[in-house]
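User: I am new to reading protein structures and would like a close look at a single part of this one. Could you take one helix, describe it with care, and then show me what lies around it?

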Amino acid sequence: MTRTGICARIAALGYDYAARATLRPAECNLCGARDRTVDVAERDRYGYPATFVVCRRCGLGYLCPRLSATQYAHFYSEIYRPLVSAYHGRRIDAQTIQLEQRSYATGLATFLLPLLPAPPRTILDVGGSTGVVARVLAARLNARSTVLDPAPEELAVAQAAGMETIAGFAEDFDPGERRWDLVLLCQTIDHLLDLRATLAALREMTAPGGRAFVDIVDVEVLLHRTGSIEQVIKIDHPYYLTRSTAVALFALTGFAIIAERLTDDGHRGFVLAPGPCTEPDWPALEVSAAQLLSGVWTLRAGELG
């Protein structure tokens, strides 16, 4: 399908992103810097007018402005799956994504399970969609699973499969005194509205001696695979991480890296253990930020040339 066909399908949805994107983050969600960003792109892969910036102090990328929490709630309940379907030219919904999720879950189990210190009795899948990943892992481990997700249609699938479900965003979830032996944040961190707060909350939800798994879309990997930053940016991802910025976030929020992997689709996954909160190497992050920006400008110069 041509780019013209993709644009026509997206336009047919009638979603006016420009009329809704009104929230402008006041500071970098990683380093807290203000007014240290550089504008990198003005349009996303869907063709929406989304401004993407990179913090020059640490290299965190994010949309500025972006949708508010209320607008994202509407987006995920009404727009997200139709938009992704329009972009790919095929139906993608709570039913069709389960095959893809099973494949992901199988690969994750092969990588993750040998690294666990003991079989977990409880699993929390944050942003767990239809619960396929949690269900596959729970079946192999004979564990109880809980799925937290903002999409009611996808949670209904998980609930029908017998799992505990919690509707809502990770940023708003209060677990009280509950702790889980294994906490998953699979293909979700890029969708969060507050990276540091959510990871800190995940640290608190992880039981003593437990493990967490988080994977990111590595923006540097995808940048060089696609050759264009505009093909990496999309309005459903408020944040864009590299390995360096992910490692810094884990340090700040009290996670130690046990193991990591990079999959063919550009997802970089980390097995994490609770540990002390530590300060990142900020000068090294500033160097990494400059390298990321240099890579963007080099590719753009090649496009223009």
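Analyst:
**A bent helix and its surroundings**

Helix α2, which covers residues 69-88, bends by about 55° at I79, and within four residues of that point a proline follows, namely P82. The model is a predicted one, and the angle is computed from it. The residue at the bend, I79, is itself buried, and the other buried residues of α2 include Y72, F75, Y76 and Y80 ahead of a further group with R81, L83 and V84. Just after the helix comes G89, which takes a positive phi of about 75°.

What do the buried residues of α2 pack against? Their partners are three helices and a strand: α1 (3-12), α3 (97-112) and α5 (152-160), together with β3.

The strand among these partners leads us to a small set of paired strands. Strand β3, residues 61-63, is joined to β2 by three bridges, and the two run antiparallel. In that pairing, V54 has G61 of β3 as its bridge partner. The two strands form a hairpin with five residues between them, and in the turn G59 has a positive phi of about 95°. Strand β2 also pairs with β1 (residues 37-41), again in the antiparallel sense, here over four bridges, and A41 is found opposite F52 of β2.

Strand β2, which spans residues 52-55, is covered on both faces, since F52 and V54 are buried on one side while V53 and C55 are buried on the other. This arrangement is easier to read with one general point in mind: in a regular strand, side chains alternate between the two faces of the sheet.

For comparison, we can turn to another part of the model, where seven strands make an open sheet in the order β6-β5-β4-β7-β8-β11-β10, with mixed pairing. Its edge strands are β6 (164-167) and β10 (255-262), each of which pairs on one side only. Averaged over the sheet and with direction ignored, neighbouring strands are turned by 15° against each other. Within it, β4 (residues 122-126) and β5 (residues 144-149) run parallel and are joined by five bridges, with D125 standing opposite V147 in β5. Helix α6, residues 195-205, packs on this sheet and touches β4, β7, β8, β10 and β11, and its direction makes about 150° with that of β8. Helix α8, residues 243-252, also packs on the sheet, touching β8, β10 and β11, and its direction makes about 15° with that of β11.

Conventions. Residues numbered from 1 in each chain as written. Predicted model: local features only at pLDDT ≥ 70, side-chain atom pairs only at ≥ 80, totals over all residues. Heavy atoms only, no water. Buried < 20%, exposed > 50% of the residue type's maximum accessible area, 1.4 Å probe, protein only. Pairing = 2+ DSSP bridges. Bend = angle between axes of the 7 residues up to and from the residue. Contact = heavy atoms within 4.5 Å. Axes fitted to C-alpha atoms, helices over the stretch in contact; angles between N-to-C directions.
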